[in-house]
Amino acid sequence: MSGLFHMLSEEERLFCDMLERIVAERIAPKAAETDETAAFVHEQIKLLAEAGLLGANLPEAHGGAGISAQALLRAVEIVAGGCGSTVSALTAHYLATDSILIGGSDAQRAAILPKAATGEMLGAFALTEPTAGSDPADMKTRARRTQDGWHLQGTKCFISNGGIADFVVVYAVSDPEAGHRGISAFVVQKGTPGFEPGAPERTMGLKGGHVFTLNIDCELPEDALLGAAGQGFKTAMKVLDNGRVEVAAQCIGMAQAALDGARDYAKGRVIGGEALSDKQGIRWMLADMALELQSARLMALEAARRRELGERFSDAAVMAKLKASEAADMVADTALQIHGGYGYTRDFPIEPLTRDLRIMRIYEGSSEIQRNIIAGHLLAH
């Protein structure tokens, strides 16, 4: 394990070592087939559940592993290095359980989180809409009080796990006059009448981590409201702080796999009696890739450190997500260049890695939105 993770406890190190073995032996070998068939990663998620990873973001009091934010960062990296589709479904589950941990009542936490931690229940997080992606405050989904609870109506799109999950945390406007303070969150159980997922989207990458459009026109009981009315936006922003660090970890894990593949290819590829890795131009490319990757990992670790200490870390999470997503694209693109024409074929893992990584500069806040947030923080002082 990298010396950068020296702060992990012995128990956390053993957990990560176990996870590395599971990913190397049972998840990574399925990655190419998953990309080819676009089958959802049911079996891989089950393996991670058995290893205790589905509750790794949760405290022990709620059935989770109780590991540090730095250990969680490392765990997500490890899974990402083996299969992008699997890590996508995993971190989507984290968004849902973080929503309940942060915004839910004691009863809601007790009812859902222990089952989510064991894999008995899979979660999804439904914030994005066709006209409200980068600006959640502009969402059109409405929640109206009824005699027995709530009526929820609207459409969500690009929802990871949305059509497969056992529960979905749906964000909706409950008070249109109150702006972002009028957004509430609701827990919608699988099979609720009027909650209709569409077919999985045909995506460029992460093909086994399905995303869905959700058509919603359903009645919910009062206890479906997550926490208090009007607290949804606040909850969602805290969840996205966590999620952006986990996106950074995904990018770093996949970029590390790309760098390792490029290094091994360059050492083994002989042209004119000389290994590709002996050519100065290739060596400099590898060095630049390592530099970008290490910079991204350090920024992600700083965000995780502040998260672990309970400090405000929104700015660090935004910077880590932006840096890691753009660095990973650079690393993957350069790795493909080093592979030459072979990299453009589907016979080498760099091709699906390049496709899988492309979404990272878009979801959970596009690169442009991240830059706006960073600039906003700077100009506020």
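**Close-ups of a predicted model**

At 0% relative accessibility, asparagine 161 counts as buried (buried means under 20% relative accessible area, exposed over 50%, partly exposed in between, with a 1.4 Å probe and protein chains only). This is a predicted model, where local features need pLDDT of at least 70, side-chain atom pairs count only at pLDDT 80 or more, and totals for chains, interfaces and linings use all residues. Residues are numbered from 1 along each chain as its sequence is written, and side-chain values use heavy atoms, with hydrogens and water left out.

**View 1. Asparagine 161 and leucine 206 both have a positive phi****.**
Most residues other than glycine have a negative phi. Asparagine 161 has a phi near 70°, and leucine 206 has one of about 50°. Look for asparagine 161 in the loop between strand 3 and strand 4 (167-173); helices (H or I, at least four residues) and strands (E, at least two) are DSSP runs, numbered from the N terminus. Leucine 206 sits in the loop between strand 6 (195-197) and strand 7 (211-221). Leucine 206 counts as buried because its relative accessible area is 6%.

**View 2. Helix 3 (residues 42-51) has buried residues****.**
Gln44, Ile45, Leu47, Leu48, Ala49 and Ala51 are the ones to find here. What covers them? The cover includes helix 1 (10-27), helix 2 (31-37), helix 4, helix 5 and helix 6 (106-118). Just after helix 3 comes glycine 52, with a positive phi near 90°.

**View 3. Aspartate 135 is in a loop****.**
That loop runs between strand 1 (123-126) and strand 2 (142-145). Is aspartate 135 buried or exposed? Neither: aspartate 135 counts as partly exposed, because its relative accessibility is 44%. Aspartate 135 and methionine 319 are 184 residues apart in sequence, and their C-alpha atoms are 18 Å apart in space.

**View 4. The largest pocket has a volume of about 990 Å³****.**
Of the 37 residues that line the largest pocket, Thr128, Ile362, Tyr363, Glu364 and Gly365 are the closest to its centre. On a 1 Å grid over the protein atoms alone, a cavity is a set of points where a 1.4 Å probe fits but cannot get out, while a pocket is an open set with protein on both sides within 12 Å along at least five of seven lines; lining residues have an atom within 4 Å of a point. Grid points are joined across faces, edges and corners, and a volume is the space filled by probe spheres set on the points. Which helix gives the most to this lining? Helix 7 does, with six residues.

**View 5. The second largest pocket has a volume of about 570 Å³****.**
Here 24 residues form the lining, and the closest to the centre are Ile102, Lys238, Asn242, Arg307 and Phe313. The elements giving two or more residues are helix 4 (69-82), helix 5, helix 7 and helix 8 (280-308). Helix 7 gives the most to the lining of this second largest pocket, with five residues.

**View 6. The chain has eleven helices and nine strands****.**
Stepping back, the C-alpha trace spans about 80 × 50 × 40 Å along its principal axes. Buried residues make up 53% of the 381 residues in the chain.

How values were computed:
Contact means heavy atoms within 4.5 Å.
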